[in-house]
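This briefing concerns the nonpolar interior and one surface feature of the structure shown below.

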Amino acid sequence: MNVELLVDHITKQLRTPTISQNYRSLAREAEERNLRYEEYLLALLEIELQKREENKKQRRLKQASFPVPKTLDAYDFSLMPSLNRNRFLTLSKGEFVEKNENIIFLGNSGTGKTHLATGLGIEMIQNGYKVKFITASELVEELLMAKEEHQLNTLEKKWLKLDVIIVDELGYVPFSRVGAELLFQFFSSRYERASTIITTNLEFTEWTSIFGDEKMTAALLDRLTHRSHIHLLNGESYRFRQSMNQQSKEEE
């Protein structure tokens, strides 16, 4: 058996496909550039590691379950003057995750809350964090099912393995009393242990309509806002202005 066949066999056993695909071309390049054996080996290991890191990010993007992947770069901050672009660039570095801080987006429908939350989520995946996107109604449904099956502790441990959870559309759909209590427990369990990003169309004073109980709502807001970055998205619909701008460009 010749050397190349042996290398192909061993790289397959070691599960290093990128080395298998590139060792011949890199060997020719190393010979042309008179590289030392150690430098050739380093080049092989680096491309294998780079490919693995890229694959890991792609898996995490898929596992995050973003309905529509949108980046921060694609958000037109000029259409929402109340937001500070530089502040988002700072947040995108991920320090808030290291500090177990939360982010809350409050604003009317169509102001780009989900876009910004998704954009930050994608940035966190690029930074190596585990992220999950879920709507508030889907989350409550999952919690109710786990309670019914006596799996709440298991579910809580599963969620706490995630560095960032994006809870979208809080306040769009009313919850039952049990559902509201479970959501309260969910948010409380992540307090100072992991980060949560929330989008909502309700002012804080209106959150009682979601959770029903005033004391429970006050306790939750106390936890959520204690270590939180709060962004108010006011004014006209971002989506409306974006579509009008696009229409104007097409008519020019």
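Leaving aside its neighbours within four places in sequence, which residues is Leu 183 in contact with? With contact taken as heavy atoms within 4.5 Å, they are Leu 139, Val 140, Leu 143, Leu 170, Phe 175 and Phe 211. This is a predicted model, in which local features need pLDDT of at least 70 and side-chain atom pairs count only at pLDDT 80 or more, while totals for chains, interfaces and linings use all residues. Residues are numbered from 1 along each chain as its sequence is written, and side-chain values use heavy atoms, with hydrogens and water left out.

**Nonpolar cores**
- The largest nonpolar core (buried Ala, Val, Leu, Ile, Met, Phe, Trp, Tyr and Cys residues joined through side-chain atoms within 4.5 Å) has 30 residues, and those with the most contacts inside it are Leu 183, Phe 186, Phe 187, Trp 207 and Phe 211.
- The largest share of this core, six residues, comes from α9, where helices are DSSP runs of H or I with at least four residues and strands are runs of E with at least two, numbered from the N terminus.
- A second, separate core of 26 residues includes Tyr 75, Ile 103, Ile 125 and Ile 166.

**Trp 207**
- Trp 207 lies in the loop between β4 (195-200) and α10 (208-211), and it counts as buried because its relative accessibility is 0%, the cut-off being under 20% relative accessible area with a 1.4 Å probe and protein chains only.
- Beyond its neighbours within four places in sequence, Trp 207 contacts residues including Leu 170, Thr 217 and Leu 224.

**Helix α1**
- Leu 14, found in helix α1 (residues 3-14), is exposed (over 50%), with a relative accessible area of 58%.
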